[in-house]
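Here is a short walk through a protein model for someone seeing it for the first time. Have a look at the picture, then read on.

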Amino acid sequence: MNKFLTTMSVVLLPAMISSCSQNGDNDDVIIEKPTVEIVDGQLTPEVLEAMGRIGQVCPSPDGSLIAFTLTYESIELNKGNSEIYTMKPDGSDLKRITKTASSESDLAWYDNGNRLAFIGTADGGGRQVYSVDADGSELVQMSSLENGVECFKISPDEKKIVLASPIRSWIKDSTIYAGLDKTTGRLVDDLMYKHWDEWVTEIPHPFVADFNGKSVENAKDIMEGEPFECPMRPFGGAESFAWSADSKTLVYVSRKYAGKDYAFSTDSNLYSYDLESGKTTCLTEENKGYDTDPAYSPDGTLLAWLSMETPKYESDKKRLMVLDVKTGEKRD
C-alpha cells in the first residue's frame, strides 16, 4: 500500500468543505502522511503514527471500485484526519478524493456507483451529507440540517434518505451559572447524564427526507416528541437503520426508556415505520434484551437482526434472529 500512497494521483475537491473550529490555529492544518526515519530497527511511536489507518471500506455496486477512508495522525496537533480514497480491487489506480482539514466518514455509493455520498464538515461548521462523482469531481452539499448529521442511509429506490441528527429540546440545562459564566459545574439530578467522556447535552433522532441524488429536502423527525435516542449512544450509527426492499418501510433501533430505567436497561427494540401512514410498530416487544443491527433480505421477505436474550446483561450471547415479514414468524 505504501507504494501506491507515494505515487498516487491526487484529485482535489473545491474548498466547499472546511474544518470545524475545535483546535484553534490548528483548524486549517491538513494532516498528511508524515516522514519518519527508522533508527536501529526501532518501532517508535512516531513510526506507528506514520502508518495510515484504514477505516470504512465500501465497494461500488459492480465491484469495479473500492472507496475507503484513510487516517493519518499528528503527534504535535494531537489529532487525526480521515480522507477518502478510491482504488480498483487489485490496488491499482489509487486516487485521493478529498483533501480537507476535517475528517470525512460514512461512505455510500448510489446512482449505480457513479456517485459517492459521505459526511463532511460544511463551510461554517456542522457535519452534513455531501456527494461526489466517482472520479472526485462535482462535489455537492446535499443536506443542511440545523444541528448537522451524524449518519445516514439511502433507500433502495434512492428517493428517500434517513439521517440521524441531534435534538436538544428534551435535555434539561444542567449547568450552574447564576451570574458565574466561567463555571464548569453541573447540577445532576437524573440519569443518564454522561456516556464515557461525553456529557449528554443532546440526543439523536431519525429524520426521513426526500432524496433526488443532489439534495435532501423535507426532513421529518419520525420520533418527534419522544425523549429517546436513535441511534443509541454512545456507539450507534447507520447500522441502526434498515430500509425495506420497496423503500416503503424503515426499521430503526431505539431503547425507549428515560432516566434510571434507561441507565439500567438493555431492552432496545426494532421499530417499523411505515412511510405512507406514519405508523410505528414495535417488532421485538417480547424480548427484554438488546435487539440491534437490522437488515432486510434483498427481496424484502425476511428481516434479520442481532439479539441478546437476558435483560440487563450487556455481555450476553448474540443470537441471529430472522423474521418472516409476511407471516410474522420469528426464529433463532
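Leaving out residues up to four places away in sequence, Asn287 touches Asp267, Asn269, Ser307, Met308, Glu309 and Arg319. This is a predicted model, by the way. You'll find Asn287 in the loop between strand 19 (280-282) and strand 20 (291-296). Is Asn287 buried or exposed? Its relative accessible area is 9%, so Asn287 is buried. One of its contacts, Ser307, sits 20 residues away in sequence, with 8.4 Å from C-alpha to C-alpha.

Asp190 makes a nice second stop. Its loop runs between strand 11 (160-167) and strand 12 (194-195). With a relative accessibility of 46%, Asp190 counts as partly exposed. Setting aside neighbours within four places in sequence, Asp190 is in contact with Gly259 and Lys260. Then there's Ala263: 73 residues separate Asp190 and Ala263 in sequence, yet their C-alpha atoms are 9.8 Å apart in space.

Now zoom out to the whole protein. Three helices and 23 strands make up its list of elements. For 332 residues, a compact globule would have a radius of gyration near 20 Å, and the protein's 22 Å agrees with that. The C-alpha trace spans about 60 × 60 × 45 Å along the principal axes. Of the 332 residues, 44% count as buried. The accessible surface adds up to about 17,900 Å², and carbon and sulfur atoms account for 50% of it. Looking at contacts between residues at least 6 apart in sequence, 46% join residues that are at least 24 apart. As for charge, there are 34 positive and 55 negative side chains, with the centres of the two sets 3 Å apart.

Next come the rings. A pair of aromatic rings is described by the distance of the centres and the angle of the planes. How many aromatic pairs does the structure hold? There are six, including the Tyr110 and Phe211 pair, which is edge-to-face because its planes meet at 70°, with the ring centres 5.3 Å apart. Tyr110 belongs to strand 6 (residues 105-110) and Phe211 to strand 14 (residues 203-211), so this pair ties together parts 101 residues apart in sequence. Both Tyr110 and Phe211 are buried. Tyr252 and Tyr271 form a stacked pair, 5.5 Å from centre to centre and with 20° between the planes. That pair links strand 17 (residues 249-254), home of Tyr252, to strand 18 (residues 269-274), home of Tyr271, across 19 residues. Tyr252 and Tyr271 are buried too.

Finally, some backbone oddities. Most residues other than glycine have a negative phi, and most peptide bonds are trans. The table lists some exceptions.

| Where | Feature | Value |
|---|---|---|
| Leu191 to Met192 | cis peptide bond | omega near -5° |
| Arg233 to Pro234 | cis peptide bond | omega near 0° |
| Asn112 | positive phi | near 55° |
| Asp293 | positive phi | about 55° |

Met192 sits in the loop between strand 11 and strand 12, which is also where Asp190 is found. Pro234 lies in the loop between strand 15 (216-221) and strand 16 (241-243). Asn112 is placed in the loop between strand 6 and strand 7 (115-121), and a relative accessible area of 67% makes Asn112 exposed. Asp293, on the other hand, lies in strand 20 and counts as partly exposed at 34% relative accessibility.

Terms used:
Residues are numbered from 1 along each chain as its sequence is written. This is a predicted model: local features need pLDDT of at least 70, side-chain atom pairs count only at pLDDT 80 or more; totals for chains, interfaces and linings use all residues. Side-chain values use heavy atoms; hydrogens and water are left out. Helices (H or I, at least four residues) and strands (E, at least two) are DSSP runs, numbered from the N terminus. The radius of gyration is taken over C-alpha atoms; the globule rule is 2.2 Å times the number of residues to the power 0.38. Buried means under 20% relative accessible area, exposed over 50%, partly exposed in between (1.4 Å probe, protein chains only). Contact means heavy atoms within 4.5 Å. Accessible areas come from the Shrake-Rupley method with a 1.4 Å probe; for residues, only the protein chains shown count as cover. Lys and Arg count as positive and Asp and Glu as negative; His and the chain ends are not counted. The place of a charge is taken as NZ of Lys, CZ of Arg, CG of Asp or CD of Glu. Rings of Phe, Tyr and Trp (its six-membered ring) pair if their centres lie within 6.5 Å; planes under 30 degrees apart count as stacked, over 60 as edge-to-face and the rest as tilted.
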